Amino acid sequence: MSSPHSLRQTLSYFKDRRLLSIFCFGIASGFPWVMTGSAMSGWLTDAGLSRSSIGLFGLIFVAYSINFLWSPLVDRLKVPLLTRFIGQRRSWILTTQLLIMLATLQLSQLDVVNQLSLMAFFGLIIAICGATQDIAIDAYRIDLLQDKDTNYMAAGSAMATSGWWTGFAGLGSIPFILVDQPDWQWSQVYLVLAVIMAILMITAMVVREPKSNREAVQQKIEKNYLQALPTQGRQPLAILLILPAIFAAIIYANIGYPGWPQGVIDSGYRFWLISVFILLLLLLFSQQLTRLNKVVSSQIMNNETGTGPVSTPNRTLRLTAWLLTTLVAPIQEFFDRNGARLSIAILLFIFLFKLGEAYLGRMSIVFYREVGFSNSDIAYYSKMINWSVTIIFSLIGSVFTIRYGILKGLFIGGTAMAASNLLFSVMAIVGPDKALFAFTVFVDGFTSAWGSVAFVALLSVLCNHTFTASQYALMASLGTFGRVMLGSYSGIIVDWLDGNWSLFFVLTAFMVIPSLLFLYSIRKPLTVLIEKNQAQNGNNSSG
């Protein structure tokens with residue numbers, strides 16, 4: 001294990017000017033959460049909706065938990081006209097930002113009481129575009145720093161986290177400040193949010209597109225599939241049918257099982273039935289893919305000896321090869337590189353790490369209002385203090401992560417997150433005490449920043465640069481899944497506890513503990529993996 005960096009060496013990583021563009025993109029990444037998260041919760045609360053309704057309204061954020069399904073498309077599909085002039089990453093970022101701005105304008109024209117369905121629809125549009133924007137922005141960040149060692153990833157993670165919280169908390173304070181002013185309505189606030197989104201689009205127009213050999217590598221993989229598929233009979237057609245079925249089943253489960261035959265099969269069994277169905281499809285697909293990969297390996301060896309067959313593939317074979325290269329190769333590479341057992345362990349830790357934060361974050365605005373704080377109090381304490389604290393401790397956390405390692409940063413951040421949740425429990429008992437509010441927000445911002453920097457750095461280091469968007473989105477989606485799907489039931493839990501906020505926040509503190517125990521159990525192989533990736537990046541940087 002390498003010795004810790006000196007403080008001067010650590011701080012030198014932040015001299016890279018490219019970190020400024022990462023910070024600006026972080027702002028744009030965090031801002032959509034305001035429009036469909038805190039601001040919308042405040043709007044719905046003022047309109048008189050119940051806690052359970054507000055919590056379930058957060059299901060539109062399911063887009064962030066399943067964006068890995070279409071993340072490979074951001075790597076391969078080109079935006080008409082734009083990609084030619086400004087590049088793959090920037091064109092996707094700019095397109096999604098434009099759609100977010102237009103959807104926000106539509107929200108500003110709606111009546112929350114009489115047009116709740118339309119409000120949810122445009123909120124979903126913002127969430128989908130925001131999730132897609134995140135894919136492109138995260139890939140841009142990793143591509144931009146891929147010629148550096150992993151310590152630059154920690155510095156980039158700090159700037160991305162600081163930027164995200166600037167967009168979410170800093171700019172997120174604006175709606176609550178405005179709505180507390182005389183004659184200001186939530187619909188007018190959303191008009192201001194649309195203007196801010198338009199301003200955030202400037203970054204994508206002025207930065208440079210990062211260089212990458214991703215396309216050449218993907219074309220090579222696709223060529224190998226094209227040479228192997230003609231010998232497989234109807235197998236390509238089976239693969240072509242299984243993939244959409246898996247994706248459709250995942251989406252169907254995440255959007256609430258619409259049209260479920262309640263009269264035939266009780267809804268209590270739907271989760272398990274869909275899970276078994278997806279598992280069977282994955283097993284069948286894995287069997288087909290394993291057989292195909294053996295042929296691909298043999299084909300590559302034959303090509304090296306000049307004995308490979310030459311054939312002209314039809315449309316089905318071309319489509320199958322394209323889908324395999326785009327959707328399957330990134331996941332397969334991740335499991336092949338890390339091994340199945342460690343790969344599954346890593347994904348489970350990612351899912352568990354921010355589970356407690358998920359439940360706290362979803363109901364925080366509702367909690368503040370019920371305790372007795374005004375919109376202005378929320379703006380100045382929850383948003384402004386959290387924003388400044390997060391920026392400061394994101395940088396401090398990244399310095400620690402660079403000097404002592406990602407895993408130590410995760411342990412400290414996770415432990416602190418669990419402890420900080422207990423302060424919210426104290427707030428529920430004490431009542432609307434502004435000094436306690438400020439202190440709680442300060443501690444919560446510190447813990448969230450520290451943990452987030454190490455968490456983002458870990459995900460970035462684990463990515464293969466050929467499949468940046470796909471692999472990062474897969475891992476980030478698992479982390480978001482808890483915040484979105486499970487966090488959506490936070491209001492129901494509070495109602496089940498008869499509004500006992502103190503007990504609710506104690507429960508959220510205990511939710512962090514399993515992830516830390518899990519991290520401890522895999523610390524050794526994970527450390528070896530991180531150091532191996534760091535050595536490879538160092539060789540690539542010097543080569």
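**A predicted all-helix chain: group meeting talk**

Good morning. I begin with a single residue, A169, which is buried, with a relative accessible area of 1%. A169 belongs to helix α9, which covers residues 150–170. The residue I385 lies 216 residues away from A169 along the chain, and yet the two C-alpha atoms are separated by 8.5 Å. I should state at once that what you see is a predicted model.

Let me turn to the chain as a whole. How many helices and strands does the protein chain have? The secondary structure comes to 26 helices and zero strands. The chain has 543 residues, and buried residues make up 55% of them. Its accessible surface comes to about 23400 Å², and 65% of that surface belongs to carbon and sulfur atoms.

The pair of A169 and I385 introduces the subject of contacts between distant parts of the sequence. Taking the contacts between residues at least 6 apart in sequence, 84% join residues at least 24 apart.

Helix α16 offers two further examples of such pairs. This helix spans residues 315–338, and L317 lies in it. L317 counts as buried because its relative accessible area is 10%, under the 20% cut-off. Its C-alpha atom is separated by 8.7 Å from that of Y225, although their positions lie 92 residues apart along the chain. T320 is also placed in helix α16. With a relative accessibility of 1%, T320 counts as buried. Its partner here is L243, 77 residues apart from T320 in sequence and 9.9 Å apart in space, C-alpha to C-alpha.

I now come to the packing of one helix against another. How do the axes of α7 and α11 cross? Helix α7 covers residues 88–107, and its axis comes within 8 Å of the axis of α11, with a crossing angle of roughly 170°. Because angles over 145 degrees count as roughly antiparallel, α7 is roughly antiparallel to α11. On the α7 side, the contact is made by Q97, I100, M101, T104, L105 and L107. On the α11 side, the contact is made by Y190, L191, L193, A194, M197, A198 and L200.

A helix considered on its own is α20, residues 406–430. It has 25 residues and reaches 37 Å from its first C-alpha to its last, close to the 36 Å expected at 1.5 Å a residue. Just after α20 comes G431, which takes a positive phi of about 105°.

That leads to backbone angles elsewhere in the chain. Most residues other than glycine have a negative phi. Where, then, is L81, a residue other than glycine with a positive phi? L81 lies in the loop between α5 (71–76) and α6 (82–86), and its phi is near 70°. L81 counts as exposed because its relative accessible area is 66%, over the 50% cut-off.

D183 is another residue other than glycine with a positive phi, near 70°. D183 is found in the loop between α10 (173–179) and α11 (186–200). Is D183 buried or exposed? With a relative accessible area of 72%, D183 is exposed.

Finally, a word on cysteines. How many disulfides are there? The count comes to zero disulfides. C129 counts as buried, at 9% relative accessibility. C463 is buried too, with a relative accessible area of 6%.

To close, I return to the overall picture. This predicted model has 26 helices and zero strands, and 55% of its residues are buried. Helices α7 and α11 give an example of a roughly antiparallel pair, while L81 and D183 give examples of exposed residues, with relative accessible areas of 66% and 72%. Thank you for your attention.

Terms used
Residues are numbered from 1 along each chain as its sequence is written. This is a predicted model: local features need pLDDT of at least 70, side-chain atom pairs count only at pLDDT 80 or more; totals for chains, interfaces and linings use all residues. Side-chain values use heavy atoms; hydrogens and water are left out. Helices (H or I, at least four residues) and strands (E, at least two) are DSSP runs, numbered from the N terminus. Buried means under 20% relative accessible area, exposed over 50%, partly exposed in between (1.4 Å probe, protein chains only). Contact means heavy atoms within 4.5 Å. Accessible areas come from the Shrake-Rupley method with a 1.4 Å probe; for residues, only the protein chains shown count as cover. A disulfide is a pair of cysteine sulfur atoms within 2.5 Å. The expected span of a helix is 1.5 Å times one less than its number of residues. Axes are lines fitted to C-alpha atoms, for helices over the stretch in contact, and angles run from 0 to 180 degrees between N-to-C directions. Angles under 35 degrees count as roughly parallel, over 145 as roughly antiparallel, 65 to 115 as roughly perpendicular and the rest as oblique.
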